[in-house]
Amino acid sequence: MLHTFAHVLINELVFSCGYSSASLRERLSVSHAPGKEMAAVLIYTAAGDSEGTMGGLVRMARPENLLPVVRSAITDTRWCSTDPVCMDAGEKGQGVNSCNGSACHGCALLPETSCEEYNQFLDRALLIGSFVKPNLGYFSSF
């Protein structure tokens, strides 16, 4: 769920900050150690060049900017341009070794240089629910 969330957030930041999707990268941090449970996403610029400066991305982390970006990312994730095919294919698994659920180039996949997990283990249904199980998603009531 966290990995897919990072991807849809990057896709939204592409539109709100003006970066290309190849210039933003993710870093996922997850711990299940007792007393140290945590889940975090770091989105950063790959290089400071003509794509812009990190300042625009840092400014998006301010509370007054971040919540609208997250809301927009979740709202945009509710429908993929290849739906219903993407969501239906997700029920059976798709991608390399069927590691992805509902995730395709239209909704959740990023350039390979941006993803530390090589675009595997993604599923939009974990965020927003599926057609069959709409309450499944973490953000289904968001």
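What percentage of the 142 residues of the chain count as buried? Keep that in mind while you work through the exercises below.

This is a predicted model, where local features need pLDDT of at least 70, side-chain atom pairs count only at pLDDT 80 or more, and totals for chains, interfaces and linings use all residues. Residues are numbered from 1 along each chain as its sequence is written, and side-chain values use heavy atoms, leaving out hydrogens and water.

**Exercise 1. Work out the overall build of the chain.**

Step 1: Start with the opening question. Buried residues make up 39% of the 142 in the chain, where buried means under 20% relative accessible area, exposed over 50%, and partly exposed in between (1.4 Å probe, protein chains only).

Step 2: Find the helices and strands. You should get five helices and two strands; these are DSSP runs, with helices being H or I of at least four residues and strands E of at least two, numbered from the N terminus. Reading along the sequence gives α-β-β-α-α-α-α.

Step 3: Check the compactness. The radius of gyration is 15 Å, close to the 14 Å that the globule rule gives for 142 residues, so the chain is as compact as a globular protein of that length. Here the radius is taken over C-alpha atoms, and the rule is 2.2 Å times the number of residues to the power 0.38. The C-alpha trace spans about 40 × 40 × 30 Å along its principal axes.

Step 4: Look at the contacts (heavy atoms within 4.5 Å). Take those between residues at least 6 apart in sequence: 55% of them join residues at least 24 apart.

**Exercise 2. Track down the salt bridges and say what each one links.**

Step 1: Know your cut-off. A salt bridge is a side-chain nitrogen of Lys or Arg within 4 Å of a carboxyl oxygen of Asp or Glu. The structure holds two of them.

Step 2: Take Glu-116 and Arg-27, whose side chains meet at 3.2 Å, N to O. Glu-116 sits in the loop between α4 (85-92) and α5 (125-128) and Arg-27 in strand β1 (residues 24-31), so this pair ties together parts that are 89 residues apart in sequence. Both ends are partly exposed: Glu-116 has 24% relative accessibility, and Arg-27 has 43%.

Step 3: Now go to Arg-124 and Asp-83, with their closest N and O atoms 2.8 Å apart. This pair links distant parts of the chain, with Arg-124 in the loop between α4 and α5 and Asp-83 in the loop between α3 (63-77) and α4, 41 residues apart. Arg-124 is buried at 0% relative accessible area, and Asp-83 is buried at 9%.

**Exercise 3. Spot the unusual backbone angles.**

Step 1: Recall the usual picture. Most residues other than glycine have a negative phi, and most peptide bonds are trans.

Step 2: Look for a cis bond. You'll find one joining Asp-83 and Pro-84, with omega about 5°. Pro-84 lies in the loop between α3 and α4, and Asp-83 is the residue you just met in a salt bridge with Arg-124.

Step 3: Look for positive phi. Asn-97 has a phi of about 55° although it is not a glycine. You can find Asn-97 in the loop between α4 and α5, where it is exposed, with 69% relative accessible area. Its C-alpha is 14 Å from that of Asp-123, a residue 26 places away along the chain.

Step 4: Add Phe-121, another non-glycine with a positive phi, about 65°. Phe-121 also belongs to the loop between α4 and α5 and is partly exposed, at 49%.

Step 5: See what surrounds Phe-121. Setting aside neighbours within four places in sequence, Phe-121 is in contact with His-3, Thr-4, Cys-99 and Asn-100. Phe-121 and His-3 are 118 residues apart in sequence, yet their C-alpha atoms are 7.5 Å apart in space.
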